[in-house]
Amino acid sequence: MARVGEWGFKGRAKWGCSYKKTTLIVCSINIVVALYVLRSLYASLYIYSDRDSRPTLEYTPDQIRKMEESVRIRKAAEPVELIRLVKALKKELSREVAVELPQSLKLKITNEIVERLKTLRPKANVTEQREFVERWCKEKLKEAKQLALETNASNSTILHEEAEMLVKALESNWTVLLEDMGLWIPAEIVNTEHHDKPEGEEEELDQILPGRPLPPECHAEVHTDYDGAAVRWGLNHHKDSAADCCQACLDQAKRAKPNEKRCNIWVYCPSEGGCHSPDIYEHKLGECWLKYAETPKRNFKDKYPESYRNNHPSAPLVVPWASGIVGA
């Protein structure tokens, strides 16, 4: 009996231990399978989302045919002759590159040109400088040709071989040669002001001052500013035109009381950018000043003096105001 009990206890212990191991192995396998399934699902979701983020374009046979037809039309419309001419022109222009000269020869020519330029007058303009350099190039080309024909020339600073290279360089493009040596003279731009008005013809005021024509009694003067005591300040007195400003002066003179000053000077600002004045105020378009002076005197006429503009840097060159004396 004792043996049977001992065997039974040992058998149960053995099977119990085997059961635990089997359970542990099965659980491990399940965990590995679960991780593999999760990884597969994650990979498939990533691939699917990546495909969605990069949509593929599928063209129909009709769209493909239209695209091929468009390519064919563009190729047929290419300016083949123009392209050929442009390529030929580029090839021809590439031949006009200045001949490369030795550094020693460049230095000689540069020093010679600088010394020659020193003989020019101090205030020589760009045109005079270009003409001077062009004359030098012609003289140097003539000298280099003569030197190239001679085998021995002891009186020249240029050798026979250098003379031949200099002839090629000056004949090809002397401007490129000089720029390669660092000498560049810009082309002078001359602006010519054309005066189409016949000599002796008076300038029409109506063509200068905007608005309706001014009557003769306004005695309008453009680019003129008259002095006088202000009957009506222009800072808060604006009119649409110089004629309206003159009319305001005439009306004030009629309505003025015996002890009031009567307007006999009108000053109007016709400039869209405003009008300059030496005071502290900003004078804008349409300002109409009504003034009185027993003996009217001009502040400025036509242009501001240079001395005035030196003291007032913001002053323009031309007087922008328009004025007139009425009742004279």
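**Exercise 1. Locate Asp 302 and describe its backbone and exposure.**

Asp 302 is found in the loop between strand E6 (298–301) and helix H8 (306–311). Helices (H or I, at least four residues) and strands (E, at least two) are DSSP runs, numbered from the N terminus. The model is predicted: local features need pLDDT of at least 70, side-chain atom pairs count only at pLDDT 80 or more, and totals for chains, interfaces and linings use all residues. Residues are numbered from 1 along each chain as its sequence is written, and side-chain values use heavy atoms, with hydrogens and water left out.

Next, the backbone. Asp 302 is not a glycine, yet its phi is positive, about 65°.

Last, the exposure. The relative accessible area of Asp 302 is 40%, so this residue is partly exposed. The cut-offs are under 20% for buried, over 50% for exposed, and in between for partly exposed (1.4 Å probe, protein chains only).

**Exercise 2. Do the same for His 223.**

Start with the place: His 223 sits in the loop between strand E1 (220–222) and strand E2 (224–226). Then phi: about 50°, a positive value in a residue that is not a glycine. Then the area: His 223 has 30% relative accessible area and is therefore partly exposed.

**Exercise 3. How many disulfides does the structure hold, and in which pattern do they follow?**

The structure holds four disulfides. A disulfide here is a pair of cysteine sulfur atoms within 2.5 Å. With bonded cysteines counted along the chain, the pattern is 1-3, 2-8, 4-5, 6-7.

**Exercise 4. Work through the link of Cys 218 and Cys 246.**

The S to S distance of this disulfide is 2.0 Å. The angle about the S-S bond is -100°, and the link of Cys 218 and Cys 246 is left-handed. The pair links distant parts of the chain, 28 residues apart: Cys 218 is in the loop between helix H6 (160–180) and E1, Cys 246 in helix H7 (residues 242–255). Both cysteines are buried.

**Exercise 5. Why is the disulfide of Cys 245 and Cys 288 right-handed, and which parts does the pair tie together?**

First, the bond: Cys 245 is joined to Cys 288, S to S 2.0 Å. The torsion about the S-S bond is about 90°, so this disulfide is right-handed. Cys 245 lies in helix H7 and Cys 288 in strand E5 (residues 288–292), so the pair ties together parts 43 residues apart in sequence. Cys 245 is buried, at 0% relative accessible area. Cys 288 also counts as buried, at 0%.

**Exercise 6. Describe the disulfide of Cys 269 and Cys 275.**

The sulfur atoms of Cys 269 and Cys 275 are 2.1 Å apart. With 95° about the S-S bond, their link is right-handed. Cys 269 is buried at 0% relative accessibility, and Cys 275 is buried at 7%.
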